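Here is a short set of exercises to work through with the model open beside you. Try each task before reading its solution.

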Amino acid sequence: MKFCTVKQYFDDENNNNVTNGIATTVIPLPNKHLKIKANNKEMEQYEQELLRNVMPQELTKLILAANYLNFKEALDFFCRTVANAIQNKSVDYVRKFFGLESDFEPGEEEKLCKEFAWSFEGVDED
Amino acid sequence: MGRYDLPQDLVEDILSRLPAKSLKRFSCVNKSWSALFQNPCFIAKHQHLSQKNWSIFVSGVDCEANKPVLFLHPNFDDDAAADDFDSRGIILESPFLEDAKKYEEFVGSCINGIICFKYYVEHNKIRDFALWNPAIREFKVLPSLPIHFPSNVDYEDVGSAFGYDSISNDFKVITILSYWNDPGYTVTYNWDPKVIMHTQVEVYTLSTNSWRQVDCDTVSHINFPARFREIYLNGVYHWSGMAPGIAKYYDVIVSFDMRNEAFRFSTDR
């Protein structure tokens, strides 16, 4: 097997990070990879189909699962998908997504937003 | 930390895949993200990832608007991109287009996302240079080129080069000037063998933000009539030139290595 933590997953009772739903998404990936390894476009289409109905927040769980299973290709794919999903989002969206809060002094954040005003053009509505 | 919050290393993995425009905007998320995006290690990682989508840089002229336009195209490894040339290109707005009297000329190609161009005001021979990073919309005007010959002597801007020194990790701009020791002599394309031509070469390095004269004795006898025939390959610039022979001029290729800042020339003679 490509990654040994899978056995550990099945043995591990205390497994909060990897639910059954995720297992059906993550586990089939290595077989699919082997079948269409050379063809990037086909793999891309398969990956997009797989994640079509997955909300970005769910991706966080998938990333944790792939990280736990030490499955580098899936981790790379999920991180790439999250990056594509959030790249055009607002600052507030991203804060909520990662569970962060602003810690700027009053006025400091406004100053930064003004300095990089051009980077706010064309951002998706929340 | 919530149950499904990502550890810092995974957050950084995701962030290092974002385009520069997103990173600039997300500098407003919080202080630690703002600091992260300025961290040299993060920048290096981000740059390494974005180099996989290397672009082809093309400059042209919009005849209707009478201004230069720039296109950045994605890597043509993908077959689809080759069919879809127009829509995959990005038109870049140069920061100097506001002043209609300034003429711009791009020096070399786009290196690590940086573009170099020189510009001059109409009827003025003195060029200024600027470095521009279109991804983060920042540009830097270089200090004025130092001139080491009398102001009453005519000179010609032979050519410039923009390159990257992979050993010192520094961007460099090179300018070659030819000048004549006869104050009355004006540049034409009919070379007068009695008037002695001299060459001055200046190199600008980004890390020092200054110009420095370099030795060009190897090539000071060479004329560069074909100003725009240049190639930059593997850290070395190549120009075509002509060297004086016994009865006539013969073709040479002049090379400048960005790393050791040395000239060489080769010929088929």
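**Exercise 1. Which residue of β9(B) does B:D165 stand opposite?**

Solution. Before starting, note that this is a predicted model, in which local features need pLDDT of at least 70 and side-chain atom pairs count only at pLDDT 80 or more, while totals for chains, interfaces and linings use all residues. Residues are numbered from 1 along each chain as its sequence is written, chains are lettered from A and ligands numbered from 1 in the order in which they are written, and side-chain values use heavy atoms, with hydrogens and water left out.

Step 1. Locate the strands: helices (H or I, at least four residues) and strands (E, at least two) are DSSP runs, numbered from the N terminus. β9 of chain B covers residues 170-180, and 10 bridges join this strand to β8(B) in an antiparallel arrangement.

Step 2. Read off the partner: B:D165 faces B:D170 of β9(B).

**Exercise 2. Place this strand pair in its sheet and find the edges.**

Solution. Step 1. Two strands pair if DSSP finds at least two bridges between them. By that rule, chain B has an open sheet of 4 strands in the order β8-β9-β10-β11, with antiparallel pairing.

Step 2. β8 (155-165) and β11 (210-214) of chain B each have a single partner strand, so one side of each lacks a neighbour in the sheet.

Step 3. On average, neighbouring strands here are turned by 25 degrees against each other, direction ignored. The axes are lines fitted to C-alpha atoms, for helices over the stretch in contact, and angles run from 0 to 180 degrees between N-to-C directions.

**Exercise 3. Build up the sheet that contains β13(B), pair by pair.**

Solution. Step 1. Strand β13 (residues 236-244) of chain B runs antiparallel to β14 (residues 249-257) of chain B, with 9 bridges joining them. B:W239 stands opposite B:V254 in β14(B), and a hairpin of 4 residues connects β13(B) to β14(B).

Step 2. Move on to β15 (residues 262-266) of chain B, which pairs with β14(B) over 5 bridges in the antiparallel sense. Here B:I253 is opposite B:S266 in β15(B). The hairpin of β14(B) and β15(B) has 4 residues between the strands, and B:E261 takes a positive phi near 55 degrees in this hairpin.

Step 3. Put the pairs together: the open sheet has 4 strands in the order β12-β13-β14-β15 (chain B), with antiparallel pairing. Its edge strands, β12 (230-233) and β15 of chain B, each pair on one side only. Neighbouring strands are turned by 30 degrees against each other on average, direction ignored.

**Exercise 4. Where are B:N112 and B:N209 found?**

Solution. Step 1. B:N112 is in the loop between β4 (102-111) and β5 (114-121) of chain B. This residue has a positive phi of about 50 degrees although it is not a glycine.

Step 2. B:N209 lies in the loop between β10 (197-205) and β11 of chain B. B:N209 also has a positive phi of about 50 degrees, and is not a glycine.

**Exercise 5. Describe the interface of chain A and chain B.**

Solution. Step 1. Count residues in contact (heavy atoms within 4.5 Å): 38 residues come from chain A and 27 residues from chain B.

Step 2. Take the buried area, the accessible area (1.4 Å probe) that two parts lose on being put together, summed over both. This is about 3,100 Å², with 68% given by carbon and sulfur atoms. In chain A, A:Q87, A:F98 and A:W118 lose the most area to chain B, together 20% of what that side buries.

Step 3. Look for salt bridges (a side-chain nitrogen of Lys or Arg within 4 Å of a carboxyl oxygen of Asp or Glu). The rule finds 3 across the interface. One of them joins A:D76 to B:R17, with the closest N and O atoms 2.8 Å apart.

Step 4. Trace the elements on the chain A side: α5 (56-68), α6 (72-86), α7 (91-98) and α8 (108-115) of chain A each give two or more residues. The largest share, 7 residues, comes from α6(A).
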